[in-house]
Amino acid sequence: MAVFEYEFMQRAFWAGGLIGVIAPILGVYLMLRRQVLMADTLSHVSLAGVALGSVMNLNPVICGFAVALIGALLVEQLRRSYRTYSEVPVAIIMTSGLALAVVLMSLQTNLSKAFSSYLFGSIVAVSDIQLWMMASVCVFGLLFFILLRRPLYSFTFDEETASIGGVQVKGLSFAFAILTGMTVASAMPIVGVLLVSALIVLPAALALRVSRSFTAAIIVAVITGLIGIFSGLTTSYHLNTPPGGTIALILLVFLLTGISAQKLIARYNRKRHRRETKSQHVIRVNHSRRKTSP
């Protein structure tokens with residue numbers, strides 16, 4: 001294919017494949033834990049880290065990555081302080097990160113062009129450092145989910161029950177928060193700050209809607225994420241549209257199509273069940289009539 005003739009597109013597909021594996025898995029856990037807004041929160045915090053790195057003449061990618069990890073730990077710490085109001089830590093960190101990013105951006109007048117790639121994504125401009133960072137996050141995330149799959153499962157659905165069962169809930173919770181920060185920070189070059197939650201949440205939303213088991217949800221989410229990213233990159237290349245927005249729209253179409261198909265199937269099954277029930281009733285009535293007839 002012509003799309004693979006260019007080195008930047010090869011890197012883009014590698015980056016998309018790596019994030020397309022780990023982000024949907026993380027999304028399933030975040031949705032089940034009712035923490036879907038955490039992705040948006042950490043993306044804003046990561047943007048503040050990028051701005052900080054630019055102001056201090058440091059590598060903005062690494063700074064954004066480090067600040068996202070700090071933000072993830074702060075969210076988790078505040079979540080334990082506001083157990084009754086779980087949305088409060090997200091609001092605090094999100095507004096703080098966005099405010100810090102705005103202030104730092106005002107200190108540098110030549111950051112507008114560079115920041116557009118972080119806001120909207122520029123996967124076709126992924127650097128070698130970002131690619132290696134994504135590969136590291138993908139490997140770490142897969143090992144995390146595979147090695148800790150049993151405690152993670154119980155921890156995701158009920159922290160109190162998991163704690164009674166011997167799971168180190170606090171340590172696991174902080175480790176999960178760190179992985180979330182790492183994934184969000186590494187996904188930013190693909191879809192940008194404004195759409196990073198779409199890459200994490202949309203495949204998971206479809207998977208949880210159509211799957212009948214937890215394992216099936218993980219598989220469906222990963223497949224959906226990979227297909228959405230690869231088809232989005234291909235479409236973006238041929239139509240010259242922004243990659244991040246194209247990927248997000250395709251994932252949204254997948255979700256809406258899956259929901260519509262599920263409703264149509266459910267409606268068809270209900271109609272068939274009514275027809276079968278009516279048919280069985282007619283058979284019983286006819287049978288009783290034959291018995292009572294002389």
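**Reading note on the predicted model**

1. Thr180 sits in helix H9. The model is a predicted one. Is Thr180 buried or exposed in it? Buried means under 20% relative accessible area. Thr180 has 0% relative accessibility, so Thr180 counts as buried. Which residues does Thr180 touch, leaving out those up to four places away in sequence? The answer is Leu26, Leu30, Met38 and Leu42. Leu26 and Leu30 fall within the range of helix H1, 7-32. Met38 and Leu42 fall within the range of helix H2, 37-55.

2. Ser173 also belongs to H9, which spans residues 169-191. Its relative accessible area is 0%, so Ser173 is buried. Leaving aside residues up to four places away in sequence, Ser173 touches Arg33, Glu76, Arg79, Arg80 and Phe155. One of these partners, Phe155, is itself buried, in helix H7.

3. H7 is the next stop. This helix covers residues 149-157, and Leu152, Phe155 and Thr156 are buried in it. How do these buried residues fall when seen down the axis of H7? They stay within an arc of 100°, so they line one face of the helix. The general rule helps here: an α-helix has 3.6 residues a turn, so residues three or four places apart point the same way. What covers the buried residues of H7? The cover includes helix H1 (7-32), helix H6 (128-147), helix H8 (159-164) and H9.

4. Now the pair H10 and H11. H10 takes in residues 196-210, and H11 residues 214-239. Their axes come within 8 Å and cross at roughly 135°. That angle is neither over 145 nor in the range 65 to 115 degrees. The two helices are therefore oblique to each other. Their crossing is right-handed.

5. Which residues make the contact of H10 with H11? From H10 come Leu199, Pro203, Ala204, Leu206, Ala207, Leu208 and Val210. From H11 come Ala217, Val220, Ala221, Thr224, Gly225 and Ile229. By class, eleven of the contact residues are nonpolar and two are polar. No charged residue takes part in this contact.

6. Two loop residues deserve a look at the backbone. Most residues other than glycine have a negative phi. Arg34 has a positive phi, near 60°. Arg34 is placed in the loop between H1 and helix H2 (37-55). Its relative accessibility is 73%, so Arg34 counts as exposed.

7. Asn240 is the other residue to check. Its phi is also positive, near 60°, and Asn240 is not a glycine. Where is Asn240 found? Asn240 is in the loop between H11 and helix H12 (243-292). Is Asn240 buried or exposed? At 71% relative accessibility, Asn240 counts as exposed.

8. Last, the chain as a whole. How many helices and strands does the protein chain have? There are twelve helices and zero strands. From the N terminus on, each element in the order is an α element. The chain has 294 residues, and 45% of them count as buried. Take the contacts with a separation of 6 or more: 76% of these join residues 24 or more positions apart.

Conventions. Residues are numbered from 1 along each chain as its sequence is written. This is a predicted model: local features need pLDDT of at least 70, side-chain atom pairs count only at pLDDT 80 or more; totals for chains, interfaces and linings use all residues. Side-chain values use heavy atoms; hydrogens and water are left out. Axes are lines fitted to C-alpha atoms, for helices over the stretch in contact, and angles run from 0 to 180 degrees between N-to-C directions. Helices (H or I, at least four residues) and strands (E, at least two) are DSSP runs, numbered from the N terminus. Angles under 35 degrees count as roughly parallel, over 145 as roughly antiparallel, 65 to 115 as roughly perpendicular and the rest as oblique. A crossing is left-handed if the near helix is turned anticlockwise from the far one by less than a right angle, and right-handed if clockwise. Contact means heavy atoms within 4.5 Å. Ala, Val, Leu, Ile, Met, Phe, Trp, Tyr, Cys and Pro count as nonpolar, Asp, Glu, Lys and Arg as charged, and the others, Gly among them, as polar. Buried means under 20% relative accessible area, exposed over 50%, partly exposed in between (1.4 Å probe, protein chains only). The arc is that of the directions from the helix axis to the C-beta atoms.
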